[in-house]
Amino acid sequence: MSHAGGPAVAVNAAALARVGTALADENRRRLLLALLEAPAYPSDLAETLGMTRGNVSNHLSCLRGCGLVRTVSVGRRVRYELADPKLAHALADLAALVLLVDPAGTEDTADQVCAPDDYSCPADEGTATITSGEALHG
């Protein structure tokens, strides 16, 4: 694939679907942003983000299944960190994007247009569902 003014760009559709699935949920976005700042233990993330430990554990499991975070054993504890330094740059770039929104639409309409149909995690079944309904195998 190529884009105007630049070299060809190889895109792994399955990896992109996994990132999309991870970012589709507010709690997973919050966890990724927290891990962007520094590696952390699940109990600390739960306290910092005001989430239950079970909820944090479920979302971290999904993020791990998506390949976005990894675990590091520290004694008897397990610390989570971003799986790839490039992910930190990608998240920072995505967060800095200025998105163009149709001024004719209302805020409610814009949210409905952008809302994903499925928040399933590829770690649950080994597939990522995209809004068109076509499953990508990870």
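**Close-up views of a predicted model**

H3 is followed by Gly50, a residue with positive phi, near 65 degrees. The model shown in these views is predicted.

**View 1. Overview of the chain.** The chain has 7 helices and 4 strands. From the N terminus on, the elements run α-α-α-α-β-β-α-α-α-β-β. The chain counts 138 residues, and 26% of them are buried. Take the contacts between residues at least 6 apart in sequence: 48% of these join residues at least 24 apart. The accessible surface of the chain comes to about 9200 Å². Carbon and sulfur atoms account for 53% of that surface.

**View 2. Helix H3 has a buried side and an exposed side.** Helix H3 spans residues 42–49. Leu45, Ala46 and Leu49 are the buried part of this view. These three sit on the same side of H3 because they cover an arc of only 100 degrees around the axis. Glu47 and Thr48 are on the other side of H3, and both are exposed. The cover over the buried residues of H3 includes H2 and H4. Gly50 comes after H3, and its phi is positive.

**View 3. The largest nonpolar core draws on four helices and a strand.** This core has 21 residues. Leu31, Leu32, Leu35, Leu45, Leu60 and Leu63 have the most contacts inside it. Helix H2 (26–37), helix H3 (42–49), helix H4 (53–65), strand S2 (77–82) and helix H5 (85–95) each give two or more residues to the core. In soluble globular proteins, nonpolar side chains tend to be buried together.

**View 4. Leu60 and its contacts.** Leu60 is one of the residues with the most contacts inside the largest nonpolar core. Set aside its neighbours within four places in sequence. Leu60 is then in contact with Leu31, Leu35, Pro42, Leu45, Val69 and Tyr80. Among these partners, Leu31, Leu35 and Leu45 are also on the list of residues with the most contacts in the core. Leu45 is also one of the buried residues of H3.

**View 5. His59 and Asn58, two residues of helix H4.** His59 lies in helix H4, and Asn58 has its place there too. His59 counts as buried because its relative accessibility is 11%, and buried means under 20%. Asn58 has a relative accessible area of 56%, so this residue is exposed; the cut-off for exposed is over 50%. Not counting residues up to four places away in sequence, His59 touches Asp25, Asn27, Arg28, Leu31 and Met51. Arg28 also serves as a distance marker for Asn58. Asn58 and Arg28 are 30 residues apart in sequence, and their C-alpha atoms are 9.7 Å apart in space.

**View 6. Leu23 and Gly20 in helix H1.** Helix H1 covers residues 13–23 and holds Gly20. Leu23 is found in H1 as well. Leu23 counts as partly exposed because its relative accessibility is 24%. Gly20, at 37% relative accessibility, also counts as partly exposed. Leu23 touches Arg29, Leu32, Leu91 and Leu94, leaving out residues up to four places away in sequence. Of these, Leu32 is one of the residues with the most contacts inside the largest nonpolar core. Two C-alpha distances link H1 to positions further along the chain. Leu23 and Leu63 are 40 residues apart in sequence and 9.5 Å apart in space. Gly20 and Cys66 are 46 residues apart along the chain, with 9.8 Å between their C-alpha atoms.

**View 7. Arg77 over the ring of Tyr41.** Arg77 lies over the face of Tyr41. The distance to the ring centre is 3.7 Å. How many aromatic pairs does the structure hold? The number is 0.

Notes: Residues are numbered from 1 along each chain as its sequence is written. This is a predicted model: local features need pLDDT of at least 70, side-chain atom pairs count only at pLDDT 80 or more; totals for chains, interfaces and linings use all residues. Side-chain values use heavy atoms; hydrogens and water are left out. Rings of Phe, Tyr and Trp (its six-membered ring) pair if their centres lie within 6.5 Å; planes under 30 degrees apart count as stacked, over 60 as edge-to-face and the rest as tilted. A charge sits over a ring if NZ of Lys or CZ of Arg is within 6 Å of the ring centre and within 35 degrees of the ring normal. A nonpolar core is a set of buried Ala, Val, Leu, Ile, Met, Phe, Trp, Tyr and Cys residues joined through side-chain atoms within 4.5 Å. Buried means under 20% relative accessible area, exposed over 50%, partly exposed in between (1.4 Å probe, protein chains only). Contact means heavy atoms within 4.5 Å. The arc is that of the directions from the helix axis to the C-beta atoms. Accessible areas come from the Shrake-Rupley method with a 1.4 Å probe; for residues, only the protein chains shown count as cover.
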